[in-house]
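Below are some notes on the pocket and the aromatic side chains, for reading alongside the coordinates.

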Amino acid sequence: MTLQEYDYARESPSKLAASCLLLALTMKSLGGWTPTLEYYSGYSAQDLHPLVKRLNFLLTYQPRDKLNTVRSKYSHRVFFEVAKLAPMDMLKLEKALTSC
């Protein structure tokens, strides 16, 4: 979804990928940011918190008619319908991020 948003072009791809992973882990309650993830990504959980919050907020946007291809693609069952996932409540996300 960040492919459609110019604001995310300034983020490094590695930080964006790490933030997406942390958001996915948090949304699915699969654990937090482990020392192994920190070592291999080069980012601590605290480094990623602001971007994770922005990514979660991005999920609240309604799809634009002209930029619907990415959302349509990832709404398919082959991709586990991840574009259909509801964003986390910001208070719950904040609480989950402070615990990791």
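1. For the accessibility terms used here, buried means under 20% relative accessible area, exposed means over 50%, and partly exposed covers what falls in between. The model is predicted. At 31% relative accessible area, tyrosine 74 is therefore partly exposed.

2. Phenylalanine 79, at 32%, is likewise partly exposed. Tyrosine 74 and phenylalanine 79 form an aromatic pair, with 4.8 Å from centre to centre and 55° between the planes, a tilted arrangement.

3. The count of aromatic pairs is two. Besides the tilted pair there is one between tyrosine 39 and tyrosine 40: the ring centres are 4.9 Å apart and the planes stand at 85°, so this pair is edge-to-face, the cut-off being over 60 degrees.

4. Are the two residues of the edge-to-face pair buried or exposed? Tyrosine 39 has 65% relative accessibility and counts as exposed. Tyrosine 40, at 67%, also counts as exposed.

5. One charge over a ring can be noted: arginine 54 lies over the face of tyrosine 8, at 4.5 Å from the ring centre.

6. The largest pocket holds about 640 Å³ of space. Its lining has 21 residues, and those closest to the pocket centre are Met1, Cys20, Leu23, Leu59 and Val82. Two or more lining residues come from each of helix 1 (13-27), helix 3 (45-58) and helix 4 (69-73).

7. Which element gives the most to the lining of the largest pocket? Helix 1 does, with seven residues. By class, the lining of this pocket comprises 18 nonpolar, one polar and two charged residues.

Notes:
Residues are numbered from 1 along each chain as its sequence is written. This is a predicted model: local features need pLDDT of at least 70, side-chain atom pairs count only at pLDDT 80 or more; totals for chains, interfaces and linings use all residues. Side-chain values use heavy atoms; hydrogens and water are left out. On a 1 Å grid over the protein atoms alone, a cavity is a set of points where a 1.4 Å probe fits but cannot get out, and a pocket is an open set with protein on both sides within 12 Å along at least five of seven lines; lining residues have an atom within 4 Å of a point. Grid points are joined across faces, edges and corners, and a volume is the space filled by probe spheres set on the points. Helices (H or I, at least four residues) and strands (E, at least two) are DSSP runs, numbered from the N terminus. Ala, Val, Leu, Ile, Met, Phe, Trp, Tyr, Cys and Pro count as nonpolar, Asp, Glu, Lys and Arg as charged, and the others, Gly among them, as polar. Rings of Phe, Tyr and Trp (its six-membered ring) pair if their centres lie within 6.5 Å; planes under 30 degrees apart count as stacked, over 60 as edge-to-face and the rest as tilted. Buried means under 20% relative accessible area, exposed over 50%, partly exposed in between (1.4 Å probe, protein chains only). A charge sits over a ring if NZ of Lys or CZ of Arg is within 6 Å of the ring centre and within 35 degrees of the ring normal.
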